[in-house]
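Please look over the sequence and the model shown below before reading on. The report that follows takes up the nonpolar core and the salt bridges in turn.

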Amino acid sequence: MRLTNYEVMIKNGETYYHVELSEQELDFLQNLSPFSLDRKIWLELQKQGIHIMKGFGDYLAKVFL
């Protein structure tokens, strides 16, 4: 199913975080590099004040290269 805009909503307690992407931006990021879309989402969430906890594994290291 193709949509005009895509949204990511995260709720932490009573706080909501929201990222919206157009179909064109989504396609561009998916084709740019393996973690471009992830990076965009995480950076937007950080701008809104979400705290990213680094744990085990290398996922976040790959995202934020």
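Is K47 buried or exposed? K47 is exposed, since its relative accessible area is 66%, and the cut-off for that word is over 50%. Please keep in mind throughout that the model discussed here is a predicted one.

## The nonpolar core

The largest nonpolar core is made up of 11 residues, namely Y17, V19, L21, L26, L29, L37, I41, L45, I50, I52 and L60. Two or more of the core residues come from each of the elements β2 (15-22), α1 (23-32) and α2 (36-47). In soluble globular proteins, nonpolar side chains tend to be buried together.

One member of this core, L37, can serve as a place from which to look around. When residues up to four places away in sequence are left out of the count, L37 touches L21, L26, L29 and Q30.

## A salt bridge between two helices

The structure holds four salt bridges, and one of them joins the side chains of E25 and K40, with a distance of 3.2 Å from N to O. Because E25 belongs to helix α1 while K40 belongs to helix α2, this pair ties together parts that are 15 residues apart in sequence.

How exposed are the two partners of this bridge? E25 has a relative accessibility of 26% and therefore counts as partly exposed, and K40, with 24%, also counts as partly exposed.

## A salt bridge within helix α2

K47, the residue of the opening question, forms a salt bridge with E44, and the closest N and O atoms of this pair are 3.4 Å apart. The two residues both lie in helix α2, and because K47 and E44 are three residues apart there, they are separated by about one helical turn. Whereas K47 is exposed at 66%, its partner E44 counts as partly exposed, with a relative accessibility of 21%.

Which residues are linked in a network of salt bridges? They are E25, K40, E44 and K47, so that the pair tying helix α1 to helix α2 and the pair set about one helical turn apart in helix α2 both have their residues in this network.

## The pair D58 and K62

Another salt bridge is formed by D58 with K62, where the closest N and O atoms are 3.6 Å apart. D58 is partly exposed, as its relative accessible area is 43%, and K62 is likewise partly exposed, with a relative accessible area of 39%.

Technical notes. Residues numbered from 1 in each chain as written. Predicted model: local features only at pLDDT ≥ 70, side-chain atom pairs only at ≥ 80, totals over all residues. Heavy atoms only, no water. Core = buried A, V, L, I, M, F, W, Y, C linked by side-chain atoms within 4.5 Å. Buried < 20%, exposed > 50% of the residue type's maximum accessible area, 1.4 Å probe, protein only. Helix = DSSP H or I, 4+ residues; strand = E, 2+ residues; numbered from the N terminus. Contact = heavy atoms within 4.5 Å.
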